[in-house]
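Here are some exercises to work through with the model open in your viewer. Try each task on your own before you read the solution beneath it.

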Amino acid sequence: MSHTLYIFYKDERMALFKTNTTDLNEMYEYCSKELIMDGFKKKMDIKYQIKFFKNFLEQIYKRKRNSYKIRHSDLLMFRDVTFALYKYNEYDLNDIIVLKNK
């Protein structure tokens with residue numbers, strides 16, 4: 001079954017992606033678990049990772065607000081960072097929506 005994942009930040013739609021699941025924990029496993037583990041391998045504690053991730057989201061948000069191009073790779077990283085923050089309970093679940101496609 002096909003679904004679409006919508007990610008919002010500060011009430012603005014930042015990205016959308018096709019997905020085969022509605023389970024956010026499964027999406028985290030696929031998208032962000034390795035990102036978090038890499039942070040620990042580089043000696044980044046949770047507080048530092050959260051600060052780093054939030055800074056990244058803010059940079060991409062500013063680029064969008066200023067009508068600058070955003071690369072697809074940046075949007076993929078935006079998704080991954082969003083799910084990392086979700087796992088740390090630092091991202092509002094109301095800003096992640098998964099809808100079934102017709």
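Two strands count as paired if DSSP finds at least two bridges between them. Keep that cut-off in mind for the second exercise, and remember throughout that this is a predicted model.

**Exercise 1. The overall fold**

Task: Work out how many helices and strands the protein has, and in which pattern they follow along the sequence.

Solution.
- Step 1. Count the elements: there are four helices and three strands.
- Step 2. Read them from the start of the chain, and the pattern comes out as β-β-α-α-α-α-β. The radius of gyration is 13 Å, close to the 13 Å that the globule rule gives for 102 residues, so the protein is as compact as a globular protein of that length.
- Step 3. Set a box along the principal axes: the C-alpha atoms fill roughly 45 × 35 × 25 Å.
- Step 4. Turn to the contacts with a separation of 6 or more; 64% of them join residues 24 or more positions apart.

**Exercise 2. How the strands pair**

Task: Find out in which sense strand 1 pairs with strand 2, and in which sense with strand 3.

Solution.
- Step 1. Take strand 1 (residues 3-9) and strand 2 (residues 12-19): they are linked by seven bridges, in the antiparallel sense. With the cut-off at two bridges, seven bridges are enough for a pair.
- Step 2. Check individual partners. Tyr6 is bridged to Leu16 of strand 2, and Phe8 to Arg13 of that strand.
- Step 3. Now take strand 3 (residues 96-100), which pairs with strand 1 over five bridges, again antiparallel. Here His3 has Lys100 as its bridge partner.
- Step 4. Look at the cover on strand 1: five of its seven residues are buried, so to speak mostly covered.

**Exercise 3. The turn and a second loop**

Task: Which phi values do Lys10, Asp11 and Asn89 take?

Solution.
- Step 1. Recall the background: most residues other than glycine have a negative phi.
- Step 2. Go to the hairpin of strand 1 and strand 2, with two residues between the strands; Lys10 has a positive phi there, near 55°.
- Step 3. Asp11 sits in the loop between strand 1 and strand 2, and its phi is positive too, near 65°. With a relative accessible area of 74%, Asp11 is exposed.
- Step 4. Move on to the loop between helix 4 and strand 3, where Asn89 is placed. Asn89 is not a glycine, yet its phi is positive at about 60°. Its relative accessible area of 70% makes Asn89 exposed.

**Exercise 4. Met14 and its surroundings**

Task: Decide whether Met14 is buried or exposed, and list what it touches beyond its sequence neighbours.

Solution.
- Step 1. Locate Met14 in strand 2.
- Step 2. Compare its accessibility with the cut-off: buried means under 20%, and Met14 has 4%, so Met14 is buried.
- Step 3. Leave aside the neighbours within four places in sequence. Met14 is then in contact with Ile7, Phe8, Tyr9, Ile60, Tyr61, Lys64, Leu75 and Phe78.
- Step 4. Pick Phe78 for a distance check: it is 64 residues from Met14 in sequence, while their C-alpha atoms are 8.5 Å apart.

**Exercise 5. Two residues of helix 4**

Task: What do Tyr86 and Arg79 touch, once residues up to four places away in sequence are set aside?

Solution.
- Step 1. Place Tyr86 in helix 4 (residues 72-87), and Arg79 in helix 4 as well.
- Step 2. Apply the cut-off of under 20%. Tyr86 has a relative accessible area of 14% and is buried; for Arg79 the value is 14%, and Arg79 is buried.
- Step 3. Read off the contacts of Tyr86: Leu24, Asn25, Tyr91, Leu93 and Ile96. Tyr28 makes a useful distance check, with the two positions 58 residues apart in sequence and 8.1 Å from C-alpha to C-alpha.
- Step 4. Do likewise for Arg79, which is in contact with Leu5, Ile7, Phe17, Cys31 and Ser32.

**Exercise 6. Surface and charge**

Task: How many positive and negative side chains does the protein have, and how far apart are the centres of the two sets?

Solution.
- Step 1. The count gives 20 positive and 14 negative side chains.
- Step 2. The centres of these two sets lie 5 Å apart.
- Step 3. For the setting, the accessible surface is about 7,000 Å², and 51% of that belongs to carbon and sulfur atoms. Of the 102 residues, 40% are buried.

Terms used
Residues numbered from 1 in each chain as written. Predicted model: local features only at pLDDT ≥ 70, side-chain atom pairs only at ≥ 80, totals over all residues. Heavy atoms only, no water. Rg over C-alpha atoms; globule rule 2.2 N^0.38 Å. Buried < 20%, exposed > 50% of the residue type's maximum accessible area, 1.4 Å probe, protein only. Contact = heavy atoms within 4.5 Å. Areas by Shrake-Rupley, 256 points an atom, 1.4 Å probe, with all protein chains shown as cover. Lys, Arg positive; Asp, Glu negative; His and termini not counted. Charge placed at Lys NZ, Arg CZ, Asp CG, Glu CD.
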